Amino acid sequence: MTILERIDRNNTPRHIAIIMDGNGRWAQQQGEDRLFGHNFGVEAVREALRAAQELNVEYLTMYAFSTENWGRPKDEVDGLMDLLVRTIGKEVDELDESNVVIRTIGETSGLPASCQEELDLAYERTRNNTGVNLVLALNYSAQWEMVEAVKQISDLVNSGSLDKSEIDRELISSHLETKGMPDPELLIRTSGEHRVSNFLLWQIAYSEFHFTDVLWPDFKQDDLYKAVLDYQSRDRRFGLVSEPLEK
Ligand code: IPE
Ligand code: IPE
Ligand code: MG
């Protein structure tokens, strides 16, 4: 039986979020510079996307550039932005043909103009598609997202259009970048690091975490299937007691 065949099709996540990590270390292992790793990381995004499509996942959220990543050497940041523009430009036809909806979370207004233009074209091209939502986290930080939500909500309260008593979880969710999206049932991080690095802090309240030592450029469809199998082996209790314990 292949890994794919072992997956229970009735219990697949609707939303998978991935912290794609390890491009730099992968490049270092090949004796190349960090950008070489980022370039190969694009192929791994294709692999993850194909696997998500195979499993009919509705949302695949990929952490591509964090707000903190601006602090990396200028050459690397410029190279990453350039890679983003080139990749979206090159892939948009194929993504559109395979019914993918391209979305982003994060402060995209802080990206170079060329990136914003390429992204706007991609949103426009794919907005009426009905397949998987490929959500790119770009210039994203969960704490930034929460600060923005607090500002938006306080404006509503100050202007009298919202009463403090109306602030609840749903309202806060609806002011986050992920508004309208289900929370990820599964969060994957590659490269052996066991941390969240300012990704989706609110939305992962009850996510299952899957960590793998695979470095991102080596990530294959089977690695996503393995993560889903691992997810399916978990007993998600949401603060309650599991069935057999209830007796
Ligand atoms: C992840 O790989 C890609 C981005 C953060 C853009 P890294 O570049 O963080 O690779 P390592 O962690 O240094 O190996
Ligand atoms: C997290 O990876 C950000 C992305 C994958 C885009 P980092 O490599 O930047 O995170 P740290 O520095 O290991 O926490
Ligand atoms: Mg890293």
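In this predicted model, strand 3, helix 5 (residues 113-126) and strand 4 together make a β-α-β unit that is left-handed. The two strands of this unit, strand 3 and strand 4 (residues 133-140), pair with each other in the parallel sense over 5 bridges, and within that pairing Val101 stands opposite Asn133 of strand 4. Strand 3, which covers residues 101-105, is largely enclosed by the rest of the structure, because 4 of its 5 residues are buried.

Strand 4 also leads to the aromatic residues, for which a search of the whole structure finds 10 pairs. One of them is formed by Tyr63 and Tyr140, whose rings meet edge-to-face, with 6.0 Å from centre to centre and 80 degrees between the planes. Since Tyr63 belongs to strand 2 (residues 59-66) and Tyr140 to strand 4, this pair ties together parts that are 77 residues apart in sequence. Both partners fall under the 20% cut-off for buried residues: Tyr63 has a relative accessible area of 6%, while Tyr140 has a relative accessibility of 0%.

A contrasting geometry is found for Trp216 and Phe219, whose ring centres lie 4.7 Å apart with their planes at 25 degrees; because planes under 30 degrees apart count as stacked, this pair is a stacked one. Trp216 and Phe219 are both buried. Elsewhere among the aromatic residues, ring pairs link Trp26, Phe36 and Phe40 into a cluster.

Key. Residues numbered from 1 in each chain as written. Chains lettered and ligands numbered in written order. Predicted model: local features only at pLDDT ≥ 70, side-chain atom pairs only at ≥ 80, totals over all residues. Heavy atoms only, no water. Buried < 20%, exposed > 50% of the residue type's maximum accessible area, 1.4 Å probe, protein only. Pairing = 2+ DSSP bridges. Right-handed = clockwise from strand over helix to strand, strands pointing away. Phe/Tyr/Trp six-rings, centres within 6.5 Å; stacked < 30°, edge-to-face > 60°.
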